Structures are given as C-alpha cells and as structure tokens.
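Please open the model in your viewer and keep the sequence panel beside it. The tour below moves from one selection to the next and says what is found at each stop.

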Amino acid sequence: MPVHPSIVHVALHTPSHSGVGDLLSYASERPLAPGTLVRVPLGSREVLGVVWDADQATGELPDGATLRAIAGMLEGVAPLDAHWRRLVAFAARYYQRALGEVALAALPPQLRDLKPEQLARRLRRPATPAGDTSDTIENIALTAEQESARARIAAEKGPFLLFGSTGSGKTEVYLRCVQEMLEADKGDGFPAQALVMVPEINLTPQLEERFVGRFAPRFGAGAVVSLHSGMTNPQRLKSWLAAHSGSARIVLGTRMAVFASLPGLKLIVVDEEHDPSYKQQEGARYSARDLAIWRGREQGAKVLLGSATPSLESWHASRPPTPEDPEGGRYVRLHMPSRIGAGALARVRRVDMNQQPRRTVFSAPLLQAITERVARGEQSMILLNRRGYAPVLHCVDCGWKSDCPHCSAHQVFHKTDRTLRCHHCGFAVRVPHHCPSCGSPDIHPMGRGTEQLEEQLAALLRNVQRPDGNAARVARIDADTTKAKGALEAQLAQVHAGEVDVLVGTQMIAKGHDFRRITLVAAVQPDGALFSSDFRAPERLFALLMQAAGRAGRDAAYMAAQGTQCEMWVQSFHPQHAVFEALRTHDYPAFATQQLKEREEAAMPPFSYQALVRADARTQEVAQGFLSAATAAAHATGLPGLDLVTLFPPVPLTIQRVANVERAQMLMESPSRAALQRFLAAWQPVLQTTRSQPEHKGLIRWLVDVDPLAI
Ligand code: ADP
Ligand code: ZN
Ligand code: ZN
C-alpha cells in the first residue's frame with residue numbers, strides 16, 4: 001500500500017531578507033512532533049532545521065513543486081518543547097528577525113555541523129555521576145536583609161528586582177533561592193532547573209566555583225554547567241545537551257544562555273541586570289534581561305534581577321505603589337543596603353580639576369594618597385576607559401592627525417608595539433617617524449590612554465617603596481594585555497597575590513572581581529560621559545563608578561588590620577555634577593529619581609519606546625535616501641500603528657564611516673510598545689520592497705534595533 005507522506009514545516013536558517021518565508025515545507029514518511037531536530041535539503045546543501053507547529057506555519061510550497069523529503073532526524077535528541085519554541089518565535093517577532101535565524105542561532109553550532117554518527121557518539125558518552133541526594137547542604141545563616149528577600153521571593157510571584165549594594169550578599173540569595181527550588185522538586189516530573197546569567201565571560205569561573213562548591217556534592221558534578229561564547233564548540237554542545245536532557249540542573253551563562261533549552265526551568269537569575277552586555281549587538285539584537293522576564297512569565301519560572309545600580313527601566317518597573325500611582329510597577333523591589341563582611345562603602349573624594357595646573361593627569365592629592373597606600377602595602381586601582389597610549393597622534397607643524405583612512409575616527413597610538421591602530425576597523429600601521437603629510441619630525445601624542453597612564457604612574461612612583469623595601473609595581477589590565485587565552489586570569493592572580501601595587505585599567509577591572517587588598521579606586525578622567533549625546537551615558541557612568549567603588553575595601557578584616565579607610569577618587573572639571581553628587585552619598589535612588597524625572601519630561605525610555613533602523617551603504621546619500629524613501633512609503637500607505645509612532649529624520653551615526661561603509665540611522669519613538677511593534681511588523685515588508693528598488697542599489701544592508709541601548 002502506498003504511504004502518504006506527512007508534510008512538516010521546518011524552521012531553518014535561510015539567508016535573511018531572501019524573501020523566503022519563515023518556514024519551509026518538507027515531506028516526511030511519518031509525522032514528526034514539533035520541536036524535532038531534522039536535517040533537510042536546502043538548495044544543494046543539507047542543513048539543520050527545527051520542525052515547527054503546523055498551525056503557526058506559513059509554510060511555502062512553490063506552485064507545482066514537489067515537496068522535497070527531509071534527509072533525516074537527529075536521533076537521540078528529544079524534540080525542543082513548546083516553551084522553547086514560543087520563546088524563539090517571540091524573540092524573532094519582537095526583534096524583527098526571521099524565525100529560522102533566531103532558532104538556529106539559539107542552538108549550539110555543533111548540532112548543525114556534526115555528522116549524525118559523530119553526534120550519536122557524543123550522546124553515548126556516560127553521564128556524570130549523580131551526587132548523594134541524602135547529603136544536606138550546610139547553610140550559612142542569612143542576614144536579616146537576605147532572609148527577608150529570600151522569604152518574599154519564595155512567597156510572591158515576582159518578577160523581583162534585588163537592589164543590593166556590592167557585597168550585600170546578593171549571590172548568597174541567588175544560591176539559596178536556587179537551592180530551595182531544587183529541593184522543592186519532588187522528582188515526579190522533568191527535573192527542576194535554574195538559569196543564572198552574568199554579563200561577562202570573565203565572571204563565570206568565579207561564579208561557577210561558588211555554585212559547584214555548593215551544589216555538586218548533593219546534585220552531582222554534572223549538575224552545574226556553563227554556557228558562554230568563550231567555550232569550545234564541543235563544550236557548548238555538552239552543556240546544551242545536559243540542560244536539554246535535564247541532567248544539568250543549573251545553567252550559568254552569559255546572554256546567549258537565555259535561549260538554552262531548559263524544559264524544567266523554575267527560576268531565572270539575572271545578575272548585574274543593568275549591564276549593557278545583556279544586549280546582543282548583531283543579528284537579532286535581543287536583550288537577554290528582557291527575554292528572561294518574558295520567558296519566566298511564559299514558562300512559569302520566577303525571575304530575579306539583581307544589581308547595585310539597576311537599569312532605570314527596572315528601577316521604574318519596580319516602583320512601589322503611591323497614592324498617585326496605586327498600581328506601582330510590575331516588579332517587586334527588594335532592598336539590601338548593608339554590606340556583609342566588608343568595611344564601610346568607599347569615601348568619595350572629588351578633585352576639582354579647574355584648580356589643578358593645566359594638563360594634570362594625577363592631581364597632587366591623588367598622587368599623595370596612592371603613594372601612602374603603596375607605602376602601607378595596600379593596593380590602588382586606576383580607571384581610564386580608553387586603551388592605547390594616546391587616542392591620536394598629531395603634527396605640530398601642519399596639523400596632521402592620525403586619521404584612519406577607512407573610518408571617520410582616529411587611529412590610536414599604541415606605544416608598546418609601535419602601531420597606530422583603528423579601534424573600529426582594526427587597520428594598523430607602524431608609527432611614522434615623520435609626519436606623513438609634511439615630513440616634520442615634530443609629531444606628538446594627544447590625550448591619553450591606559451598605556452600612558454601606566455608609564456606616567458611608574459615614573460611618578462619610582463622612588464616609592466613598599467613595606468618590603470621593593471619599588472612600587474604598576475600593572476595594566478585592558479583588552480590589549482589580555483588577548484591571549486588565560487592572560488586575564490594570570491594577571492588577576494598577580495593582583496591577588498599582592499605582586500601589583502597599582503593596577504591601571506579599563507572598565508574590565510571595575511566589574512565583579514573580588515580584590516581583597518584594594519583600598520583606593522580612582523577615575524582620573526570620567527567627564528567624557530557627562531556630556532555625551534547618548535542619553536544613557538550618565539546612567540552608565542554612575543553604574544561604572546559605583547561598581548568600581550565597590551572594588552575597594554571588600555575585606556573588613558584586612559581594612560581593620562590596616563587601620564585604613566577605603567576611598568573612591570574622582571578627578572573632574574564638573575565635580576558638582578549630579579552623577580558625582582549621588583556617587584558621593586552612594587545614593588542610587590536619588591540619582592535614579594533625578595534621571596527618571598528628566599526622562600519623563602523628555603518622554604524618553606522608560607516613558608516611551610524606541611527602535612532604530614540603520615542603513616549601511618557606500619555613500620551617506622544612499623544610506624539616508626533608503627531610510628527617507630522607506631519613511632515616505634510608510635506615510636503614503638498609512639501603516640498601522642503609525643498614528644502613535646514618531647519617525648525622526650535619518651542622520652549619520654556618530655562614527656559615520658567604518659571600514660569604508662557609510663552608516664545612517666533613524667529613530668522611531670512611541671508611547672506605546674504595542675503600537676511600535678505593530679508598526680515595525682507592517683514596515684518590514686515595505687523596507688524590503690524599498691530595498692529592491694533600483695535607486696537604492698548601493699545599499700549594503702539595513703537592520704532594525706528594537707529597544708536600542710545606544711542612540
Ligand atoms: P554580592 O553578590 O552582593 O556582591 P556576595 O553574595 O558575593 O555579595 O557576598 C559578599 C561576601 O559576603 C562574600 O564573601 C560572601 O561569602 C559573604 N556572605 C554573604 N552572605 C553572608 C552571610 N549571610 N553570612 C556571612 N557571610 C556572607
Ligand atoms: Zn605635518
Ligand atoms: Zn578604521
């Protein structure tokens with residue numbers, strides 16, 4: 001008897017904007033459950049795909065074409081569940097990308113690349129032995145603040161914003177919530193799972209150690225897995241499969257982990273929820289924090305955001321009810337103001353640079369303070385968010401500047417390897433001995449970066465001795481010193497071992513690291529962010545400075561033994577600025593209130609919703625022309641949502657040319673998220689049609705950024 005093949009609708013990664021619908025249809029000898037991973041022919045290739053629900057299908061079948069058959073399914077991997085598929089479908093829709101692109105990007109690359117035999121071999125590897133479930137976990141007593149947070153998280157639905165100073169014991173609360181969730185699992189369904197996200201790969205080993213230390217004895221060595229882009233592809237596949245099958249109970253990861261298949265998900269923690277690295281900056285420009293909130297609600301998992309300096313969005317969303325605003329926000333705010341085991345918060349010292357001699361890098365009082373600490377054997381940390389020796393090289397005679405030939409940016413002078421390097425396109429040349437324009441030997445660096453700071457500080461401290469009689473040692477940590485694998489760990493270890501007296505670095509050193517002997521932190525030149533065109537710049541600066549201040553005085557016992565007080569120094573030409581005022585009193589709520597008031601008056605997020613469309617082309621005219629034409633078409637057709645969406649005119653990006661590509665963007669703003677979404681969905685095909693018109697031939701690409709972080 002002839003068998004009638006079933007039709008399956010498959011999500012796969014087709015080139016974006018290729019005009020192919022979200023799902024392609026294939027024939028299968030037997031019906032396949034949605035979520036099944038399959039290999040299917042696409043053109044002359046064979047690619048990985050995910051069987052999608054038939055009712056969501058807009059599956060395309062060219063007229064008269066016979067259905068091609070699927071090539072096979074991935075044996076041994078259970079279908080991805082409906083929660084995962086809904087998450088992916090939502091993310092694709094919300095961030096205006098193709099479903100297949102988001103679905104496939106959310107899977108580990110090796111699922112795509114391994115041959116079926118190879119995958120089968122991976123799946124046969126023995127699972128890590130389970131722990132001893134009779135083992136109980138020794139719990140340290142929570143502080144009253146921690147206990148109150150824990151109890152409310154247990155009792156209420158959330159989502160929660162845990163607002164706690166650095167060192168207030170937030171991580172301990174995460175651990176306890178995860179533990180309670182795992183222990184509450186009766187073992188009668190899919191094993192309960194937790195997802196814990198951190199912003200940076202660098203912070204995962206430290207966290208992993210704490211989670212493994214706590215949970216491996218009871219739940220097995222394989223119960224905790226990591227998922228981030230610093231892992232090799234085989235490691236990623238292993239972690240992914242462990243989460244998907246339920247053998248992993250806790251997944252620690254960076255933003256990509258929000259898409260992990262976690263059928264038993266009961267709890268999501270987003271640590272340092274304000275951190276910009278939760279926002280993906282290419283492909284689907286998703287916010288892992290926002291998706292975590294969505295995922296938690298959809299899958300019935302509790303969501304816990306944590307920060308000492310929450311994003312203004314989360315702060316506003318967690319506002320308590322008031323008489324004028326009886327509803328309050330949608331999140332529950334939990335406050336843990338006290339630091340545990342650490343000394344008082346750093347005392348903030350502001351230096352008015354208007355009172356200092358011109359071109360001062362280290363003001364006399366700051367230098368004095370650093371010197372005293374070196375002499376006492378304490379460590380200091382100096383922050384400057386600009387790597388290299390100087391941001392530009394300049395000719396005194398003719399005014400030549402080291403501009404990148406491919407970008408509208410300067411090439412940065414790197415003294416260590418004698419190069420001029422563009423931080424946007426990577427183009428590098430040897431440092432010239434003479435001005436390339438007029439031949440003058442009188443060329444000089446202008447401004448300063450971390451390399452120069454390190455050099456100057458070493459010179460300034462050359463006669464300063466540590467208590468052991470050795471000369472003061474200055475070290476630098478930034479993206480340039482940590483390129484090699486393991487370099488960052490090695491350099492951090494030197495700091496921990498006390499081999500370094502003064503550490504110079506970019507924001508890389510401000511985040512998360514548990515330095516025990518740092519008692520002074522200084523931001524030598526933070527003013528740039530105060531007057532940036534980006535309305536989020538003050539918020540980011542404040543978070544960075546608070547986080548940096550949190551690196552000082554982490555060990556109360558050490559502080560007491562030293563008889564010292566920790567300090568956070570800020571050198572500024574605007575020492576009275578609201579950002580520094582709030583920093584001085586460690587008053588995030590005051591800062592947030594002031595910023596939110598400004599945002600509300602200007603109808604900026606979180607009081608409005610934004611999206612950007614960016615266009616890249618060989619010329620600005622083409623880039624902007626495309627955006628203008630698409631805008632005109634939107635108005636001409638009266639697209640839905642448009643009545644509530646403001647479209648601003650196209651403008652060049654701040655750095656308008658990178659690698660010889662001209663970039664333009666336009667902003668859309670709406671008081672209604674739904675209206676903005678409606679409009680974007682309707683506009684997408686218009687943008688595609690506009691692109692195919694001959695007058696926009698020079699357009700290289702366009703992309704949409706929903707809820708952009710940088711404008
Ligand atoms: P955060 O994540 O808020 O920066 P941590 O959870 O890392 O804070 O806690 C800071 C320090 O205090 C850590 O060394 C941690 O082991 C310790 N700690 C946390 N909670 C307690 C507690 N209840 N009792 C004693 N020490 C604690
Ligand atoms: Zn010159
Ligand atoms: Zn360049």
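**Starting at a cysteine**

Select Cys407 to begin: this residue is buried, with a relative accessible area of 2%, where buried means under 20% relative accessible area with a 1.4 Å probe and protein chains only. This is a predicted model, in which local features need pLDDT of at least 70 and side-chain atom pairs count only at pLDDT 80 or more, while totals for chains, interfaces and linings use all residues. Residues are numbered from 1 along each chain as its sequence is written, chains are lettered from A and ligands numbered from 1 in the order in which they are written, and side-chain values use heavy atoms, with hydrogens and water left out.

Next, show the zinc ion (ligand 3), whose protein donors are Cys404 (SG), Cys407 (SG), Cys422 (SG) and Cys425 (SG), lying 2.2 to 2.3 Å from the ion; donors are N, O and S atoms within 2.8 Å of the metal (3.2 Å for Na, K and Ca), and because water is not among the atoms, sites may look incomplete. The donor atoms subtend angles of 105 to 113° around the zinc ion (ligand 3), so the arrangement is tetrahedral, a term that requires all angles of four donors to lie between 85 and 135 degrees. Along the chain, these donors follow the spacing C-x2-C-x14-C-x2-C.

Now move to Cys422, which also counts as buried, at 3% relative accessibility.

Terms used. Tetrahedral: all angles 85-135°; square planar, octahedral: opposite > 155°, others 65-115°. Buried < 20%, exposed > 50% of the residue type's maximum accessible area, 1.4 Å probe, protein only.
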